[in-house]
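Biologist: I'd like to go through the vocabulary we use for a model like this one. Could you show it to me and explain the terms as we go?

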Amino acid sequence: MKTPLLTLVFLLAAVVLPGEDKSRDHWSFQPVKKPVLPTVKNQAWVQNPIDQFILARLESKRINPSAIAPEHTLVRRLSLDLTGLPPEPKTLKAFKGDKAPNAYRKLVKRLIASPHYGERMAQNWLDLARFADTSGYAADRTRNVWPYRDWVIRAFNENKPYNQFSIEQLAGDLLPNATVEQKVASAFHRHAMQAKGNNPRKEEFRVKGIIDRLQTTGRAWLGLTLECAECHDHKHDPISQKEYYQLFAIFNNVPHLGAGYNVHGPRMTYTPYSESRARLKKQQALLQSKLGPVGIQKQDGLIEEWQKETHVKDAAKFSLNSSLSITADIQTKAKIGDIVSKYDWQAGQRSYVFGVGGEGDAKAAPGKLFAWFSSDAATFRGVLAYGSQVVNDGKPHHVAMVFNAGKSVRFFVDGVEDPSVQIEGAVPKTLAKSSRGLAIGVGYDRSAVPNVHRFQGKLSNVRLYDRVLGNPAGLNELKPEAIEYRRLSVELSKLATRDLEIPVMAEQEKPRATHIHIRGDFNNRGEVVRPGLPKIFLPLNEIPKGRQMNRLDFARWLFDRKNPLTARVEVNRIWQHHFGAGLVRTAADFGRHGETPSHPKLLDWLALYFMESGWDRKAIHQLIVESATYQQASVHRADLKLADPENQLLARFPRIRLPAEQIRDSALVVSGLLNKRIGGPSVFPLQPPGLYEERGQNTPGNSNFTWKDSTGPDRYRRSLYTYWKRMMLHPVLSAFDAPTRQVCIAKRQITNTPQQALVALNAPMFTEAATALVKRLVKEGYDGDSKKITAVFRICLSRDPDVRERRQCLAFLKHQRDQKQANEWSALTSVLMNLDEWLTRE
Amino acid sequence: MTRRDMLQRTSLGFGSVALTSMLHAENPLAARRSHFRPRAKRVIFLFMKGGPAHMDTFEYKPLLQRDHGKPLPFAKPKVTFAATGNLLASPWKFKKYGQCGHQVSELFPNVARHVDDICFLHGVHGTNPAHGGALLKLHTGADNFVRPSMGAWVSYGLGTENANLPAFVTICPTLAHGGVNNWGSAFLPAHYAGTPIGNASIKAKDAKVHHIKNPKWTSSQQRAQLDFLKKLNHDNLGGVPNPILESRINSFELAFRMQTAMPEIQDIRGETGATRKLYGLDNAVTEDFGRQCLMARRFAERGVRFVQVSHSDSKVQWDQHGNLRKGHTEKASEVDKPIAGLLHDLKVRGLLDDTLVVWSGEFGRTPTVQGSGMDGRDHNPWGFTMWMAGGGVKDGFRFGATDDYGFYAERDKMHIHDVHATILHLLGIDHEQLTYRYSGRDFRLTDVFGNVAKEILT
């Protein structure tokens, strides 16, 4: 036994001498070693090696594992864990009916293959990536970076190996021949908050952005609190302040551009869905040849036809004042060009104009059709119409515009109507007279002679009709090809969005000099340091001589098989996803101040399996959910209360309060409101009015933002698509502990506050869902309280009510009716959506 | 059913001994013992958004009056928010008040009558010259990281004295310049975050806690829902106690009690005409802020630990880069009477003894002029005035000073961290002991700084 003095010296050494050999012996810095599978008595219980590790510990403590959970609990657990959505009653019915021995595995495989798997997994990753739709700090402006979010979802669904997944995010821009998508992935390290607006301390905030990169990298991949070494040597882990700034130097070469209020890093112009659009376009092109003749026939009401640029000098001619149609064959790559114009707005000579690109007007999309009509020549009184289809792709197109006076403006491309023409203003009943003569293939600008917005490319068969054409291209609309062609057009129009400027990473050609910041003060510069890794880690030997270590070298080093941390940290987080806590409970801190693993050998076994599988995350998920450990019941056991109060030994499955997104999404699923569309711009679900009305939140020059509640299906999208406003997160999300994502979060808090009860009972969104659920019951043909009660339990809780529950439901309904209260059924569904069983994954 | 019936029924329906004791065991907001004997049990923080000019309100500067139009005889800070010119004398006259003879400008004639209850801190200074950073510094102690707010630390440290109410409420807070972070809990558990009542762009009379009511259901229907919910939840306990489920049941009950308690506090119909007049509710200019102050008293007397009242509407209230005369006159006239009313009311009710009232902007303003109109002042975090009254601070006292003109804090300086340390001290908390382990480190409101200003303690 040690003498007290020796103990004291020992303790002092541990405290006073960080960075010395003692801390290097820490478990997480040791190589991952293949453990021997422990032997267990109860072999029959074991489903896979995970169970051997878990059971061996339980047997050593003479604790029995719990029985397998009931079927409905298992299906619910799997469904929520793997897709983030509760199961529909039919899924449960199918599972119960499947008597095959591998029924469970089939369900697992189906859920892992579901496109909603990627959505659920992305939710965790976006917390680490501190992904949000606003810049944070006081200005909190919109940043259009949702394509990064979609990249993450896709990467999970495609099961992109974790090494590739990580390297593309840390250094996608530096990969040889980097693709657009790899550059989008590099937005990961542009999610740090960015101060904008009235801030005189720009360099300080640039530096804070890099500190955030290190903190995030440390938590996400290394499980280390690197940030502790910003001001001094790390107090607990073997990382000196100098080493911290060597890491800092790796991330310090991103250009910082702009001046005044508009400071920012590199950006990339990104056309959303360009791949999907190209695919749909190709399908359309194939169909086009089968559509039959397009626009050959002349139709009744034709006034005139032109084959080239023309200026009709007589202004009285073609001075139409009511309905009209124009068709033309075009082929162009230009963004702007008029097809027919009798419109000179600058000179106050308005009547009608049709062409491409809206004469460069800010509201018009370049390369898409537009038309303007005014009933007053001097002042605009009429309608602006903008098409959604790109027509300047250099391919021949038949285009048509149909103006139905007082009613509508429609566009047709290759005979198919544009399904989402954007209309601004009222369609006039009459058209003004313009003193400008009709111009074909050219437009006006304050001059009697048309000489601007000239149509570049081929323009022919320009036909002017003085009536509404129903089928301007003379297309046989009953042909299946035409129907399919129209469907593709609708798809294409859904994918039509403006180009975005996405913040991405880039590397300065000449690296910035990095200094140690003495006491963390960015103004107090000490010694110059070169990029490098802390000594505790292996030296990097693959960097060619003559250049410094860069982000790509660093990202690749993370996945060096000798790196002891990366694999352990990720499998631990996957474990945490399923069991609520990791084998190491401090998911972001594997250092000496973090907790030690509850099952160190299991952690290593999983880490090794992960690396050997080629960093295959779906494989780890499958392994975990197929274990007997995972399939245990979650019921509290009296015998465990003392033996294992925190359930670290896992003799039962832990019950876990669902994350905020799953609580809202579940309400959308059971009420039948959920819109399952994946990806796209963020949406604005209903929230209490007045949250952003204050000046400073919605005026130009500050955050330039107003929350406009989404209408239509976008109101019911999954919660991960909610516009993530860092300084004012949607109240339903924040009430249930969704992080604001101002910084990297590896493990969410789970709190239980009265605000949650107020939200779940009273937020308009939940009331709406409770009402919709009652409608769903009616629609699905359930009548009578008793049948409805069974159905609503199956829908909400995946099980039948027991006798007592049924009696209580009936009593509640009767009480409500006796009290002459209205809406007794939605009062009941609202309660079901607040049950602990509903809020919890059991 | 009357409110009284409801309350009774609530307490009976929930009155089983087991559950009541559980409330304390499981309730993270249960009242906790302080580190040492507290001098104040609660804080009312009157926040003047935009930065009132100290040399125009509570710190008289004779040399500034004398040297109007002359250049500042020493250097201005390297980084300023905007450029300023020569010295600008205060357009307002100062007068001595009370036994202590403290000079107050004519902007605050009513508060001036309470100088003998007030402890002026003239040597306060911060770090950030922009609103966003300065607000965050004042409310959270950090302007470049996300940290828990002062009120959240207090509720973490002390819990609530009233089981029907949250420990930290913020009345009509501003959503700009840090917004929710100014009352957020950051890495502290969410229980400790401030509960906002309305926001700065909503009139105080319309301010409500979000989702406190459901228009679709009556109170008794909601009570019936909760009873039903409790029954179903209990059935699921399955015989073995499940503390998480128990605490969920408690949360729902607390929510329901809040549904009753909150509107009751906000319903000021029971206040006498004299009290309403005291707070200026009879006057359109003072009505809005007066109502906020009155609500603050009502929260304070019901045991809420930390009540913040923000003087801010849809503009950056006290931010007179120009139009100083008009702007400061207007702003002061909105708050002067209500603040004086609050001090008086707390005093006569005996609440001022253990309630600490704090008055402050996020910074002060420069003695040098901004703009060509000789009618504006820029932001000044380098020296400004804050004042405290009540629980544990010396009355009729002044501590610290800025230089002769009011630019820099000079004597007995108190950084924002020192202010935080002192407020915690008055509440019986050692600011170095109130820590929370996050990301491998123990965090404090005062980071690694903060000295208690012992000189101002009684």
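Modeller: Happy to! Let's begin with contact: two residues are in contact if their C-beta atoms, placed from the backbone, lie within 7 Å. Please keep in mind that this is a predicted model.

Biologist: Then what covers the buried residues of H5(B)?

Modeller: By that contact rule, the cover includes helix H6 (150–158), strand E8 (355–361) and helix H12 (416–426) of chain B. H5(B) is mostly covered, with 10 of its 10 residues buried. Among them are His131(B), Leu135(B), Lys137(B) and Thr140(B). Just after H5(B) comes Gly141(B), with a positive phi of about 85°.

Biologist: Why is Asp51(A) called buried?

Modeller: A residue needs 20 or more other C-beta atoms within 10 Å of its own to be buried. Asp51(A) has 24 within 10 Å, so Asp51(A) is buried. It lies in helix H3 (residues 49–60) of chain A. Leaving out residues up to four places away in sequence, Asp51(A) touches Trp45(A), Val46(A), Ser627(A), Ala628(A) and Thr629(A).

Biologist: How far apart are Asp51(A) and Glu626(A), in sequence and in space?

Modeller: They are 575 residues apart in sequence, and their C-alpha atoms are 9.9 Å apart in space. For chain A as a whole, residues 24 or more positions apart account for 70% of the contacts with a separation of 6 or more.

Biologist: What makes Arg498(A) exposed?

Modeller: The cut-off for exposed is 12 or fewer other C-beta atoms within 10 Å. Arg498(A) has 10, so Arg498(A) counts as exposed. You'll find Arg498(A) in the loop between helix H14 (480–494) and strand E15 (500–503) of chain A. From Arg498(A) to Lys775(A) the C-alpha distance is 38 Å, with their positions 277 residues apart in sequence.

Biologist: How much of chain A counts as buried?

Modeller: Of its 842 residues, 49% do. Chain A has 27 helices and 19 strands, and its C-alpha atoms fill a box of roughly 110 × 80 × 50 Å along the principal axes.

Biologist: Which helix of chain A is mostly covered, and what do its buried residues pack against?

Modeller: Helix H12 (residues 241–250) of chain A is mostly covered, as nine of its 10 residues are buried. Tyr244(A), Leu247(A) and Phe248(A) are among those nine. The buried residues of H12(A) pack against helix H11 (202–222), strand E16 (514–517), strand E17 (525–529) and helix H15 (551–558) of chain A.

Biologist: Why is H25(A) called oblique to H26(A)?

Modeller: The axes of helix H25 (residues 803–818) and helix H26 (residues 824–832) of chain A come within 9 Å and cross at roughly 140°. Angles over 145 degrees count as roughly antiparallel, and 65 to 115 as roughly perpendicular. The crossing angle fits neither class, which makes H25(A) oblique to H26(A). Cys809(A), Phe812(A), Leu813(A), Gln816(A) and Arg817(A) of H25(A) make the contact with Glu824(A), Ala827(A) and Leu828(A) of H26(A).

Biologist: And what makes H16(A) oblique to H18(A)?

Modeller: Helix H16 (residues 566–579) and helix H18 (residues 617–625) of chain A pack at about 45°, with axes 10 Å apart. Angles under 35 degrees would be roughly parallel, and 65 to 115 roughly perpendicular. The angle here falls in neither range, so H16(A) is oblique to H18(A). In this pair, Val571(A), Ile574(A), Trp575(A) and His578(A) meet Arg617(A), Ile620(A), His621(A), Ile624(A) and Val625(A). The crossing is right-handed.

Biologist: How do you know where the largest nonpolar core lies?

Modeller: That core has 290 residues, and those with the most contacts inside it include Leu46(B), Val358(B) and Trp387(B). Domain 1 (116–270 + 508–563) and domain 3 (659–735 + 752–842) of chain A both give residues to it, so the core lies between them. Apart from it is another core, of 56 residues, among them Ile336(A), Tyr343(A), Val421(A) and Phe455(A).

Biologist: Last one: which helix gives the most to the side of chain B that touches chain A?

Modeller: There, 58 residues of chain B are in contact with 62 residues of chain A. H7(B) gives the most to that side of chain B, with 10 residues.

Technical notes
Residues are numbered from 1 along each chain as its sequence is written. Chains are lettered from A and ligands numbered from 1 in the order in which they are written. This is a predicted model: local features need pLDDT of at least 70, side-chain atom pairs count only at pLDDT 80 or more; totals for chains, interfaces and linings use all residues. Helices (H or I, at least four residues) and strands (E, at least two) are DSSP runs, numbered from the N terminus. A nonpolar core is a set of buried Ala, Val, Leu, Ile, Met, Phe, Trp, Tyr and Cys residues joined through C-beta atoms within 7 Å. Domain bounds come from an automatic or database domain assignment. Axes are lines fitted to C-alpha atoms, for helices over the stretch in contact, and angles run from 0 to 180 degrees between N-to-C directions. A crossing is left-handed if the near helix is turned anticlockwise from the far one by less than a right angle, and right-handed if clockwise.
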